[in-house]
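Reader: Hey, got a minute to walk me through this one? I'd like to start with the aromatics.

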Amino acid sequence: MNSDGKYTALLSHSSGLPTARVARKVFTCRDVPKVLELRLRIDRCRGGESTNMCQLTTLELYKENVSGNAWELVQPDGIRASGENPPSECASNLLNSSSSLKWLHIADSNSKAAQKYWITVKLRAPTRLVAFALTTGNDFPDRDPHVFTLEGRMDGDFGLYTSGIAEAT
């Protein structure tokens with residue numbers, strides 16, 4: 001596993017999400033350590049440098065249940081992101097199971113640097129993930145994450161979070 005500052009890479013993905021609108025894709029995690037905080041680092045959206053926006057409808061995190069024979073939805077303690085489009089397209093929407101809500105970050109269009117987007121989730125207790133799922137936005141596929149890494153860490157200054165409760169679908 002590679003380390004980025006205090007984060008450890010848990011899974012890297014470079015072939016994007018489905019182009020269908022509000023399409024869910026599940027990613028399995030193997031042999032990952034327990035973490036208290038997760039960061040989805042989005043290095044490029046499908047539109048590449050031609051877009052200054054990034055969007056997702058849901059972010060779901062899963063651990064094994066107590067008996068170890070099924071997945072259980074993880075209930076995060078809070079969420080934050082690199083940016084939001086308030087009042088209706090905020091990071092807390094990612095923890096809601098509704099496909100009519102989403103997170104949207106509109107980055108500075110005057111910036112010459114490649115846009116970097118991120119979402120961090122604080123967990124209630126050290127957790128070993130077995131899977132996570134992302135759901136594409138409801139419009140414009142160019143805004144969907146294409147190259148991203150799920151990272152985790154156990155310690156550090158976690159800062160302030162927005163509270164959010166996930167609901168199983």
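Author: Sure. Take Phe27: its relative accessibility is 6%, so this residue counts as buried (buried means under 20% relative accessible area, exposed over 50%, partly exposed in between, with a 1.4 Å probe and protein chains only).

Reader: Before I go on, what kind of model is this, and how is it numbered?

Author: It's a predicted model, where local features need pLDDT of at least 70 and side-chain atom pairs count only at pLDDT 80 or more, while totals for chains, interfaces and linings use all residues. Residues are numbered from 1 along each chain as its sequence is written, and side-chain values use heavy atoms, with hydrogens and water left out.

Reader: And what's the average pLDDT?

Author: The protein averages 86, and 85% of the residues score at least 70; pLDDT is the predictor's confidence in each residue, from 0 to 100.

Reader: Where does pLDDT stay under 50?

Author: Over residues 163–169, for which the model has 20 contacts beyond four places in sequence (contact means heavy atoms within 4.5 Å).

Reader: OK, back to rings. How many aromatic pairs are there?

Author: The structure holds 3. Rings of Phe, Tyr and Trp (its six-membered ring) pair if their centres lie within 6.5 Å; planes under 30 degrees apart count as stacked, over 60 as edge-to-face and the rest as tilted. One of the pairs is Phe27 with Phe132, stacked at 5.1 Å centre to centre and 20° between the planes.

Reader: Which parts of the chain does that pair tie together?

Author: Phe27 lies in strand β3 (residues 24–28) and Phe132 in strand β11 (residues 129–135), so the pair ties together parts 105 residues apart in sequence. Strands are DSSP runs of E, at least two residues, numbered from the N terminus.

Reader: Does Phe27 have another partner, and which one?

Author: Phe148, in an edge-to-face pair: 5.5 Å centre to centre, 85° between the planes. That pair links strand β3 with strand β12 (residues 145–153), 121 residues apart. Phe148 is buried, with a relative accessible area of 0%, and Phe27, Phe132 and Phe148 form one aromatic cluster.

Reader: Switching topic: is Glu89 buried or exposed?

Author: Buried, because its relative accessible area is 17%. Glu89 is in the loop between β8 (78–81) and β9 (103–106).

Reader: What does Glu89 touch?

Author: Leaving out residues up to four places away in sequence, Glu84, Lys102, Trp103 and Leu104.

Notes:
Helices (H or I, at least four residues) and strands (E, at least two) are DSSP runs, numbered from the N terminus.
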